[in-house]
Amino acid sequence: MRGKTWGAVVALHLGLVAVLFALNFVLPVYHQGVLARVMVLAVYAIGYNIAFGYTGLLSLGHAMFFGAGLYGAGLMGLHFGMSALPAWLVGTGAGALLALVVGALALRTAGVSFMIVTLMFAQAVYLTILYFGDITHGDDGFVVPGVSRTLAGIDLSQQHPRYLVGWVLFSAALLFSLWLVRAPFGRVLVAIRENEERARLLGYDTGRRKLGALVISGAISAASGAAYGLLFGYVGASFAGVQYSIFALLWVLLGGAGTVLGPFVGTLFMFYLIDLATGVTDAYMLIAGVVLVGLTLFAPQGIVGEVRRRLWRDLP
Amino acid sequence: MTDTPSKRLSGASSALPTRRQALKTLAAGAGAAATMPLWSRYAGAQSAEPIRIGFGKHATGIGAAYGRWYERTSVAALAKINAEGGINGRQVELVTEDDGTDPKRAAEVLEKFASQSKCDIAFGTLFSHVVIGAAPRAAELKLPYFVVSEGHHVASGMLNRWTLQPGITDVKSQVTAMAPFLTNTLGKKVTMIYPDYGFGYDHRDNLTPAITAAGGEVVAQIAIPPTETSFTKYFPKIPRDTEVIYHVMVGPAVLTFVKEMGEFFGPSRPEIFGFIDSLEAVDLSSPGLEFLEGTYFWEGMPRYLQDDAPDYVKAYRDAVGIDANGASTSDGADVSTAAHMFGCWETLHIIKAGMEAADYKSTDDRQALIEAVEAMTDMPAGPDHPQGAKRFNGKTHQVFGPQYISKVTDGKLVVAETVDYEDTLYPDEVDYTTMSF
């Protein structure tokens, strides 16, 4: 990528970060709350995108990493009264560790088999949460105690602190993602996605790099889950269910797999699609379905993917 | 293209007004003056705007059958309330949003109620995980949140001052109230069969000590994973000396469960007691359920019209639109969730009473509304409380009411015993009134 184009790319991403910061002060309360939630969930999608979009690892089990972060942080608060930052670190670490273990086993497979194996692992994690209901409060879940929703004396349940913490996390994940895909490690991931055999023949240890990608992906997904629990105050098994694995895939596909901005655009688009459709009809899922089918037919590379194909070929 | 008003103004500013312009201005002024009475009427309408109640409906997801009937009951209750003059002279509107029976969406729906739909309060959530997921947002938004959930999460102290459950009893009082009937009437040795997750644990943890206190014994606890679709391998685990089977299976596999239990025991079965949650919205004449004849069920409110039903119960059923079998009057196959949905009716009447006691005028009075409801105690049976006489505990934000034990007789549920609310009370586990708003 030429230096001038790269400068424009950096400006675009920093511009988005700046706009999101400014929106905290101008958006109506409802939309500000929505955007806070979307930013945190977009971090989950960014994590998923590193595995799926850039490395070609189609996982149907990423909810286990999101759930590991959610429960890792939430349980630290519930049982040990840990404050927000250490609890978030524990949650993120739990997700990274789980990704390392799952990756070491699941990456012995590829393609459809990998998809099914990750799905099975995620189901095992979900059932484990239910099984240890005395600790996890099972399917009911629990409310995160106030002590864990405090960061340096700031109450994270308040509107502006919550938004700004979500913004910091999102900005960090977005810029990390942008850096990663341009770094040598990220380029090898793309090479693996395009042709793993060729990457291996070039001398790269693709197995280790895929494991590395999955651990990074799992850690980012868990960072999102941990932040979600701490910012929004609830930890529940439904977040570790299969539908939250599908959500991540959906958001990334809609926004554009293998694009840095795609996960955010996809998450935002999906939220407002559902939110606006509910105001039109009770059969809002029908509207959502039709729009998704249309998008799949006419923009198969996702929204940002189409922008890259038609307008800006160097967009990462 | 036409000139914009701003363009015209900027052009006119440099010149004196013409006679035509002056006449136009005068005419406009006269027109504006003529609308003054309309303005005052509009100002009056501001205070008479409808009260808006946000209803988080389980329209999709696992709770859809409940959501459909919760909405019908709520619409019927508000029609009655509005016909009787509304609340503080204002009509009441229901603003319905699907929460997908999902805790994340439920929290978003509360945000929408509070800041988009301009609702005065939120109401109506049933499933425990949805309530627990949404309640923290209710407190953050300072939005009164009236749940109709029957979970113990409110009275356990897990939630907050803005969340109340004044219209339906909780599972702890329901379960403990059943123990004396089980041990005194059906048998001393009880085997429990329950789903291996939160709902089942509520029953396991509350019934076991209650049975012991009532002089009985739980001889086995059989937890069945929620993913199970066949149950034959579990029935041999039932001890041979079991006198009563207590079952609370829920979900689509419940019909299989009952059918396989019937095949296992044949004609010589122990006494069987279940919670109607297993068969809410399910027709008791469904194939395979014949085995339930002569067994007993807990009901929050009788599904079938009882011979001795008072007039206010009949009026409630007519208003909601259920026939003598507890099914929709417009579709006999559409069986209601009668054991739970009365909670919506009663909660809306409590909201009315609370708003009137607090002289509720606007969202500024939300805190006063909570305090007014917390001050409530006895709720006599009648048109506002057709399920029966209750007592509300303002400290725990939980109501206590009668529990019904019905026997399946000729394919219908006939009430065999009623437990009054006095026998369902348990010590307080929290005092929400000491918490700040």
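Two strands are taken as paired if DSSP finds at least two bridges between them, and helices (H or I, at least four residues) and strands (E, at least two) are themselves DSSP runs, numbered from the N terminus. The model described here is predicted, so local features need pLDDT of at least 70 and side-chain atom pairs count only at pLDDT 80 or more, whereas totals for chains, interfaces and linings use all residues. Residues are numbered from 1 along each chain as its sequence is written, while chains are lettered from A and ligands numbered from 1 in the order in which they are written.

## The parallel sheet of chain B

Chain B contains an open sheet of five strands, in the order β2-β1-β3-β4-β5, with parallel pairing. Because β2 (92-98) and β5 (163-164) of chain B each have a single partner strand, they stand at the edges, and one side of each is left without a neighbour in the sheet. Strand β1 (residues 51-57) of chain B runs parallel to β2(B) and is joined to it by seven bridges. Among the residue pairs involved, B:I51 has B:V92 as its bridge partner in β2(B), and B:G56 has B:E97. Strands of a sheet pair through backbone hydrogen bonds, either parallel or antiparallel.

Burial is judged here by counting other C-beta atoms, placed from the backbone, within 10 Å of a residue's own: 20 or more make it buried, 12 or fewer exposed, and counts in between partly exposed. Five of the seven residues of β2(B) are buried, so this strand is largely enclosed by the rest of the structure.

## Chain B as a whole

The secondary structure of chain B comprises twelve helices and 17 strands, and 49% of its 437 residues are buried. Two residues are in contact if their C-beta atoms, placed from the backbone, lie within 7 Å. Among the contacts in chain B between residues at least 6 apart in sequence, 68% join residues at least 24 apart.

Domain bounds come from an automatic or database domain assignment, which for chain B gives domain 1 (48-169 + 340-401) and domain 2 (172-299). The centres of domain 1 and domain 2 of chain B, taken over C-alpha atoms, are separated by 31 Å, and seven residues of domain 1 of chain B are in contact with seven residues of domain 2 of chain B. The side of domain 1 of chain B that touches domain 2 of chain B has three nonpolar, four polar and no charged residues, where Ala, Val, Leu, Ile, Met, Phe, Trp, Tyr, Cys and Pro count as nonpolar, Asp, Glu, Lys and Arg as charged, and the others, Gly among them, as polar.

## Loop residues of chain B

B:A381 is found in the loop between β13 (378-379) and β14 (390-393) of chain B, and with 16 other C-beta atoms within 10 Å it is partly exposed. Not counting residues up to four places away in sequence, B:A381 touches B:G388 and B:A389. B:A381 and B:V313 lie 68 residues apart in sequence and 9.6 Å apart in space, C-alpha to C-alpha.

Two further loop residues, B:A281 and B:H397, each have a positive phi in a residue other than glycine. B:A281 is placed in the loop between β9 (271-275) and β10 (296-299) of chain B, and B:H397 in the loop between β14 and β15 (398-400) of chain B.

| Residue | Phi | C-beta neighbours within 10 Å | Class |
|---|---|---|---|
| B:A281 | near 65 degrees | 20 atoms | buried |
| B:H397 | near 60 degrees | 27 atoms | buried |

## Chain A and its contact with chain B

Between the chains, 20 residues of chain A are in contact with 24 residues of chain B. On the side of chain A that touches chain B, α2 (29-54) and β1 (142-143) of chain A each supply at least two residues, and the largest share, three residues, comes from α2(A). The residues on this side of chain A divide into eight nonpolar, nine polar and three charged.

An unreviewed UniProt entry places the feature "transmembrane region" at several spans of chain A, including residues 6-27 and 211-235; such annotations may be inferred rather than shown by experiment, feature names are shortened, and positions are given in the numbering used here. Residues 6-27 of chain A are 95% helix and 0% strand, with end C-alpha atoms 31 Å apart, while residues 211-235 of chain A are 88% helix and 8% strand, with end C-alpha atoms 28 Å apart.

Helix α12 (residues 284-298) of chain A is hardly covered, the count of buried residues among its 15 residues being zero. The expected span of a helix is 1.5 Å times one less than its number of residues, and for α12(A) the expected 21 Å agrees with its end C-alpha atoms, which are 21 Å apart.
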